[in-house]
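This report covers the annotated active-site residues, one helix and the nonpolar core. The sequence and structure come first.

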Amino acid sequence: MAEHGPVLNVHPSNCLVDEKTEVEVKHLAADYKITLHALIRSEDGDDWESFGRYTSDSSGTVKVSRDKSLGGTFEGVEGMGLLWSMRPVPESKPGRRFRKNNVQTPVKVTFSVYEGHLARGFKHHIPLTSATAERWYLAPEVQRVEVTEGEMKGTLFIPPGSGPFPAVLDLWGGQGGRVEYRSALLASRGYVSLALEYIGILTAEGKLHHVDNTYFETAFTFLKKHPKVRPDRVAVMGMSFGVSVTLGLTAYSEIVEPRCVVCTSGSHIMPLKGSLADVYAALQQNVDKIRYDEKMRIIWRDLLLPVPDDPSKKVKMGEIKCPVLLIVGEDDQNWPASESAADMKKMMEEAGNSHLLTVLSYPGTGHLIEPPYSPHVRFSDFKLLEAKTKVVVLWGGETVPHSRAQEESWQKTLAFLEEHLYDNSREVTRCC
């Protein structure tokens with residue numbers, strides 16, 4: 001090894017979370033065994049780690065995008081394996097999920113080089129060298145504005161520049177609250193994005209309030225009328241529970257007329273022209289269909305199965321007049337995304353509008369399809385809003401195919417939005 005020890009380079013060391021990072025170690029001895037380790041401390045105070053075992057080449061170099069990991073949390077040539085294979089450290093409580101709540105700070109990743117091929121106990125070893133990278137959901141100069149319009153609550157993200165820009169109404173899933181990180185990333189890519197809070201809203205008396213469809217229409221109208229938004233270029237993006245809302249509004253609302261929609265891990269099964277309260281009521285009727293795996297992790301996908309033949313129990317897909325991108329995990333244990341996608345395709349073929357539908361279906365992929373390089377979470381704690389109790393939910397997916405799906409589906413989502421919301425050419429916003 002070189003006299004001054006190895007040098008660890010992480011490039012870029014400051015970038016958006018959907019960008020690739022090159023990790024390289026130089027000035028090792030030839031054929032030298034090392035373990036590359038990555039560590040993140042989540043906002044919940046949990047440590048997440050990954051590692052790969054490498055042997056340097058004849059010049060004393062290890063390059064993660066070129067060289068094979070010989071074992072660890074990932075194997076083979078995996079340029080981003082140190083990020084997507086992250087998992088809670090062994091002593092963590094079970095049921096952890098990695099989510100960024102404060103998008104105004106970066107995800108800090110500490111990369112370290114250890115001598116030899118290690119498998120555990122990294123905190124008991126002193127690294128040869130370390131380097132830190134900062135990965136952001138929010139690009140520099142993107143504005144973050146908390147919004148209250150009547151009873152509507154959300155966070156608006158506005159890209160830098162004079163605009164006007166296309167926009168996305170971002171509807172997350174059944175966990176509730178305000179989830180900002182996808183909206184922040186969309187704004188970092190050139191879209192005004194509104195992360196809408198719509199599940200888990202409490203009344204003045206502290207009771208759960210199910211918003212009606214006018215709530216979403218207010219949000220869509222707010223976006224359309226914003227001075228930085230092109231009113232004819234507004235999309236809706238739904239995740240999980242948000243898919244039912246997205247499709248219902250797109251099919252029936254005279255106010256919500258999106259240019260296109262993106263639907264991830266969801267279903268069209270909901271009462272005809274129904275509201276959130278109607279969907280909850282329909283689910284309550286099927287609680288006997290809840291299953292558990294061998295570790296008593298809850299499986300909800302059967303609540304909506306079999307896909308009903310009765311057209312009054314699902315969104316009338318023939319009414320949709322804009323392009324639809326469906327993203328499906330074939331191992332989704334939470335929602336019947338695959339069966340729903342097949343039925344939606346059939347309905348649209350029968351209605352003559354299937355040319356508007358694009359389906360991305362991924363084997364070995366679970367429910368939580370996140371932005372690329374996010375850690376795969378097969379199961380996690382989930383707070384039941386009505387009962388105010390906590391359960392462990394099985395989301396599904398296997399780490400390698402799920403991670404591949406996250407990367408590809410995000411790239412295809414950006415391409416889909418670009419095609420339908422932007423003119424033919426533009427500069428893509430980048431932070432580094």
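## Annotated site

Is D332 buried or exposed, and what is its relative accessible area? The model is predicted. In it, D332 has a relative accessible area of 1%, under the 20% limit for a buried residue, so D332 counts as buried. D332 lies in the loop between β18 (324-329) and α6 (337-351). Leaving out residues up to four places away in sequence, D332 touches S265, R301, A337, T365, G366, H367 and W395.

The unreviewed UniProt entry lists S240, D332 and H367 under "active site". These residues are spread over 128 residues of sequence but cluster in space, with a largest C-alpha distance of 10.5 Å.

## H367

H367 sits in the loop between β19 (357-362) and β20 (379-384). H367 is also buried, because its relative accessible area is 2%, against a limit of 20%. Beyond its neighbours within four places in sequence, H367 contacts both other listed residues, S240 and D332. Its remaining contacts are M239, S265, N334, W335 and W395.

## Helix α3 and the core

Helix α3 (residues 213-225) has 13 residues. From first C-alpha to last it reaches 19 Å, close to the expected 18 Å. Its buried residues are Y215, F216, E217, A219, F220, F222 and L223.

F216 is also among the residues with the most contacts inside the largest nonpolar core, together with L36, Y198 and L417. That core has 128 residues. Y198 touches Y215 and F216 of this helix. Other contacts of Y198, again excluding residues up to four places away in sequence, include L171, W172, V211, F241 and L276.

How values were computed: Residues numbered from 1 in each chain as written. Predicted model: local features only at pLDDT ≥ 70, side-chain atom pairs only at ≥ 80, totals over all residues. Heavy atoms only, no water. Helix = DSSP H or I, 4+ residues; strand = E, 2+ residues; numbered from the N terminus. Expected span 1.5 Å × (residues − 1). Buried < 20%, exposed > 50% of the residue type's maximum accessible area, 1.4 Å probe, protein only. Core = buried A, V, L, I, M, F, W, Y, C linked by side-chain atoms within 4.5 Å. Contact = heavy atoms within 4.5 Å. UniProt positions renumbered as here; feature names shortened; annotations may be inferred.
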